[in-house]
Amino acid sequence: VKDDVPYLRKDQILINFYLSFSTTHDFLFGAIAELIDNSRDAGATRLDIFTVDNNKLPGGFMLCFLDDGCGMAHKEATDLIYFGRSSKRTSTSRMIGRYGNGLKSMGGFRRRKESHGATGSPETMTSVLFSQTFCETEGIDEMIVPITSWSKSTRKPVISDLEKFTVQMSIIFKYSPFNSETELLQQFDAIYGRSGTFIIIYNVKLTLSGEPELDIRTDHADIMITGLLDNLPERWSLRAYTTILYFEPHMRIFIQAEKVETKRLPYCFYRPRMYPYIMSSFKGIARKEIKKAEVDMKMAEQAVEEAKCRLKHLEESLLHEVNELALQDALENAKRMREKLEEKQRELRRPKKLYLIFGINIENRSQEGMFIYNNSRLIRMYEKVGPHLKQGSQMSGGTVGMVDVPLETMEPTHNKQAFVNVKEYNHLLTSMRHHLIQYWKDIGISQKGVTSFWNEFGYISDKWLDKPSDAIQYKRRRAEEIPVVAQCDVCLKWRVLSSSTDIKNGYQHGIWTCAKIPGPLENKCNRPEHLPSIPLGTLNRLSLSLNDKEKVLIDSIQRHQRKLENLQFQ
């Protein structure tokens with residue numbers, strides 16, 4: 001096979017780079033989330049994550065991802081194999097993936113040696129094989145990726161080179177779970193929409209004890225991290241993690257054929273409150289955008305000078321009219337680049353507004369901390385700030401904070417588990433600490449008495465980690481304070497339900513639709529989405545400690561210095 005490599009598509013990156021890239025995903029579910037992001041960005045309304053037993057493979061199973069998104073044609077599938085190539089790369093995009101690392105990072109062979117993707121567009125069906133074993137066995141340093149396509153209507157190969165197609169198919173049969181073209185084409189039959197993608201991960205990584213990193217035996221309705229159990233299930237249960245993966249979830253997720261009850265996090269807590277936060281110091285991305293716009297403008301200006309030069313030297317030529325048109329195009333492009341630069345400069349001066357949301361977790365008070373999202377995608381969870389860092393402190397105990405930061409404000413790292421600008425991120429956490437203290441004062445728990453507050457909701461034990469009582473009066477009391485918010489499985493809109501037990505039970509056990517809402521005016525999918533309004537709060541800077549006031553003052557001075565530097569630069 002090695003002699004046939006010139007026929008095949010190369011990633012032009014050494015395989016050792018893939019192996020080193022794998023270390024970027026130290027959180028297993030973070031790697032899995034990359035594939036979930038791809039389905040969401042593809043416009044999928046449903047994603048199924050499931051396993052298929054196969055005792056011939058290491059780990060004994062294959063991990064599968066099946067969605068009904070837009071799928072990919074042959075050329076789009078080809079882009080998969082290149083690092084950093086992405087059609088979503090704009091700072092204002094609401095899409096999540098933008099680095100071109102998604103399939104590779106499931107992750108850069110961190111969790112498996114092989115993956116096969118079957119993706120269908122309305123016209124074609126395309127197969128893509130990533131195989132580390134193939135490259136290692138054949139002694140190939142570069143990453144070679146067989147990509148083959150078939151017509152959807154005729155199920156005949158779309159080929160321009162029969163010899164290349166034959167070589168690619170022989171590699172797929174040797175290094176994938178599929179032994180024939182018929183068996184391979186059956187994978188496309190699993191795609192239940194007009195288009196979609198079906199990814200199969202196999203030869204999964206094993207632990208030192210020989211067990212797979214993913215545990216699919218303990219809970220048949222879940223996929224868990226082997227040997228990891230603590231008070232925060234989102235760290236070890238994929239079902240729990242995917243319930244909070246998106247700030248605004250609009251895609252149904254099924255794990256092992258059972259629906260994930262995704263959450264609209266701001267509506268899951270007691271007495272939520274929202275605080276506007278003006279960010280004037282977060283300039284990192286804006287400055288990068290300005291530098292890029294400056295380069296584009298210089299290139300456009302050079303193109304104008306070159307067009308003028310050609311026009312001058314070829315004045316008597318028959319190409320004079322063509323060169324005049326070329327100059328006009330260059331001038332118009334330079335004008336667009338100049339306007340783009342001016343808009344980026346205005347954007348730098350424009351303050352950004354975020355909304356910091358806080359609430360009390362009365363269902364499990366020991367699960368507290370900050371949730372930081374970027375373009376609706378969870379980046380950090382249970383970050384401790386302020387009083388949460390003081391052991392034994394009951395101030396702000398059980399409080400959860402959350403914020404969704406736009407991509408044009410703060411940029412996540414390639415693995416989407418942190419932020420590029422650590423200084424700006426720490427500044428955000430400091431601001432959340434100030435607002436957390438303000439929120440605690442605003443809801444008045446300290447005045448009422450912290451112990452009596454928690455007793456009211458069934459926390460009888462003095463041990464903070466103990467869960468609340470399941471006695472009916474306490475369960476009813478907790479339910480009174482949190483609205484029932486459900487997502488329709490047809491229109492994917494979120495609805496506020498009444499507190500009736502029948503509706504609650506109907507929603508929590510499987511498929512739920514708008515038609516189940518009582519009342520002819522309410523049970524229609526064409527009704528606009530309407531969620532409860534969250535009260536606004538205000539940060540009272542007079543209540544800050546002397547040390548905090550000093551930090552605010554220093555921050556204000558530095559902000560004014562940056563403004564002055566920007567004015568001088570302009």
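Okay, let's start with Arg380, which is partly exposed at a relative accessible area of 32%. On that scale, buried means under 20% relative accessible area, exposed means over 50%, and partly exposed is in between, using a 1.4 Å probe and protein chains only. Before I go on: this is a predicted model, where local features need pLDDT of at least 70 and side-chain atom pairs count only at pLDDT 80 or more, while totals for chains, interfaces and linings use all residues. Residues are numbered from 1 along each chain as its sequence is written, and side-chain values use heavy atoms, with hydrogens and water left out.

So, back to Arg380. Its side chain meets that of Glu383 in a salt bridge, 3.3 Å from N to O. By salt bridge I mean a side-chain nitrogen of Lys or Arg within 4 Å of a carboxyl oxygen of Asp or Glu. Glu383 counts as buried, at 15% relative accessibility. Side chains of opposite charge can pair when their charged atoms come close. How many salt bridges does the structure hold? The answer is 18.

Let me show you another one. Arg477 forms a salt bridge with Glu456, and the closest N and O atoms are 2.6 Å apart. That pair links distant parts of the chain, with Arg477 in helix α13 (residues 472-481) and Glu456 in helix α12 (residues 450-456), 21 residues apart. Helices here are DSSP runs of H or I with at least four residues, strands are runs of E with at least two, and both are numbered from the N terminus. Glu456 is partly exposed, at 26% relative accessible area.

Arg477 has another partner: its side chain and that of Glu481 meet in a salt bridge of 2.8 Å, N to O. Those two are separated by about one helical turn, because they sit four residues apart in helix α13. Salt bridges that share partners join Lys448, Glu456, Arg477, Glu480 and Glu481 into one network.

Now the strands. Is β15 (residues 369-374) mostly covered or mostly open? Mostly covered: six of its six residues are buried. β15 runs parallel to strand β17 (residues 399-405), and six bridges join them. For strands to pair, DSSP has to find at least two bridges between them. On the other pairing, β15 goes antiparallel with strand β16 (residues 377-383), over four bridges. Ile372 stands opposite Val403 in β17, and Ile372 also stands opposite Arg380 in β16, so there's our opening residue again. β15 and β16 form a hairpin with two residues between them, and Asn375 in the turn has a positive phi of about 55°.

Just ahead of that hairpin, have a look at Gln367, in the loop between β14 (352-360) and β15. Gln367 is buried, with a relative accessible area of 13%. What does its side chain reach? It gets to the backbone oxygen of Asn231, at 2.9 Å. Leaving out residues up to four places away in sequence, Gln367 touches Asn231, Leu232, Pro233, Asn361, Tyr382 and Val400, where contact means heavy atoms within 4.5 Å.

After β17, Thr413 is found in the loop that leads to α10 (422-443). Thr413 and Ile379 are 34 residues apart along the chain, and their C-alpha atoms are separated by 9.3 Å. The side chains of Thr413 and Asn415 are joined by a polar contact of 2.7 Å. That term covers a pair of N or O atoms within 3.5 Å; within protein, one must be able to donate a hydrogen and the other to accept it, and residues adjacent in sequence count only if both atoms are side-chain atoms.

On to α10 itself. At its start, a side-chain oxygen of Asn421 reaches to within 3.2 Å of the backbone nitrogen of Lys423. Just after the helix, Gly444 takes a positive phi of about 70°.

Last stop, the aromatics. Rings of Phe, Tyr and Trp (its six-membered ring) pair if their centres lie within 6.5 Å; planes under 30 degrees apart are stacked, over 60 edge-to-face, and the rest tilted. By this rule the count comes to 18 aromatic pairs. Phe27 and Phe29 make an edge-to-face one, 5.7 Å centre to centre with 70° between the planes. Phe29 counts as buried, at 0% relative accessibility. And Tyr270, Phe453, Trp454, Phe457, Tyr459 and Trp464 form one aromatic cluster.
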